[in-house]
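Here is a protein chain to be read with some care over terms. The questions ask why each label applies, and the answers set values against cut-offs.

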Amino acid sequence: LRSCSPGRARRTNASRRACLVARFGDIYAQERLDAETLLRTYISDMEMVQRIIFIAAVESFHAAKMAYRQFKVRVRETLSLGHSGPESLEDTVLDYIVRHEDLYDVQASVNEVIRSMNINPKISFPPEIDFIVISTLIRELCRVAFSMQTLIPPLDIAFGTDGELFSETKYHRSFDSDFTAVLVAYHVWPALMENDVVIVKGEAVTKR
């Protein structure tokens with residue numbers, strides 16, 4: 001094991017949080033649109049394109065959180081053998097993960113996301129194409145989601161379902177929405193949450 005700096009995770013928490021929130025916004029503004037443009041070359045239905053991207057975001061967070069939990073268990077088991085303080089074992093584990101996030105096998109998460117998307121009944125794709133075409137978006141989402149798990153408290157995305165009541169605090173309406181409709185037809189981008197409080201609004205389409 002490489003050496004670690006005690007307390008690093010807590011000391012850098014605020015600055016790491018700010019960077020990760022900004023990065024989440026950048027992915028929405030850049031990688032999401034790149035993926036949208038790419039998908040439009042294969043799929044003419046804009047709703048299906050946006051559904052695919054939203055599900056990619058949801059599955060990326062799910063895969064990254066699972067990977068983080070497994071990674072943390074392995075680090076804790078290893079560090080507990082020689083841990084003597086003065087920091088708590090939990091702080092030492094978190095410091096190690098923050099210093100060595102490069103050990104996260106992001107490609108394994110990307111593969112897991114693509115597997116999950118292939119069996120999702122809400123989205124479809126021309127059989128000659130694979131969801132791997134948007135792997136850049138998936139990889140960046142997995143990376144940011146994994147890093148968000150190292151924050152105190154961790155950040156996560158809001159749970160969203162088709163047909164839910166539209167929430168002004170959670171979402172912006174897409175420009176093509178029916179602004180008088182009260183139900184979400186489908187989601188474009190998830191909201192970012194901290195302790196069940198929205199810190200970055202997502203995007204949703206409302207229709208009657």
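The exchange below goes from the chain as a whole to its aromatic rings, its surface and one of its helices.

Q: What kind of model is this, and which residues and atoms count?
A: This is a predicted model, in which local features need pLDDT of at least 70 and side-chain atom pairs count only at pLDDT 80 or more, while totals for chains, interfaces and linings use all residues. Residues are numbered from 1 along each chain as its sequence is written, and side-chain values use heavy atoms, with hydrogens and water left out.

Q: What makes up the secondary structure of the chain?
A: The chain has seven helices and six strands, and from the N terminus on the order is α-α-α-α-α-α-α-β-β-β-β-β-β. These elements are DSSP runs numbered from the N terminus, with helices (H or I) of at least four residues and strands (E) of at least two.

Q: Why is the pair of phenylalanine 24 and phenylalanine 61 called edge-to-face?
A: Rings of Phe, Tyr and Trp (its six-membered ring) pair if their centres lie within 6.5 Å, and planes under 30 degrees apart count as stacked, over 60 as edge-to-face and the rest as tilted. A search of the whole structure gives eight aromatic pairs. For phenylalanine 24 and phenylalanine 61 the centres are 6.2 Å apart and the planes are at 85°, so the pair is edge-to-face. This pair links distant parts of the chain, with phenylalanine 24 in helix H2 (residues 13-29) and phenylalanine 61 in helix H4 (residues 46-80), 37 residues apart.

Q: What makes tyrosine 42 partly exposed and phenylalanine 125 buried?
A: Buried means under 20% relative accessible area, exposed over 50% and partly exposed in between (1.4 Å probe, protein chains only). Tyrosine 42 has a relative accessible area of 35% and is therefore partly exposed, whereas phenylalanine 125, at 15%, is buried. Tyrosine 42 and phenylalanine 125 also form an edge-to-face aromatic pair, with 6.4 Å from centre to centre and 65° between the planes.

Q: How do you know that the charged end of arginine 32 sits over the ring of tyrosine 28?
A: A charge sits over a ring if NZ of Lys or CZ of Arg is within 6 Å of the ring centre and within 35 degrees of the ring normal. The charged end of arginine 32 is 4.0 Å from the centre of the tyrosine 28 ring and sits over that ring. Arginine 173 lies over the face of phenylalanine 166, at 4.1 Å from the ring centre. Tyr28 also belongs to one aromatic cluster with Phe24, Phe61 and Trp189.

Q: Why does leucine 183 count as partly exposed, and where is leucine 183 found?
A: The relative accessibility of leucine 183 is 40%, so leucine 183 counts as partly exposed. Leucine 183 is found in the loop between strand S2 (171-173) and strand S3 (184-189).

Q: How do you know that the span of H7 agrees with its number of residues?
A: The expected span of a helix is 1.5 Å times one less than its number of residues. The 14 residues of H7 should therefore span 20 Å, and its end C-alpha atoms are 20 Å apart, which agrees.

Q: What makes H7 mostly covered?
A: Eleven of the 14 residues of H7 are buried, including Leu137, Ile138, Leu141 and Val144. Isoleucine 138 counts as buried because its relative accessibility is 0%. The C-alpha atoms of isoleucine 138 and serine 60 are separated by 6.1 Å, although these residues are 78 residues apart along the chain.
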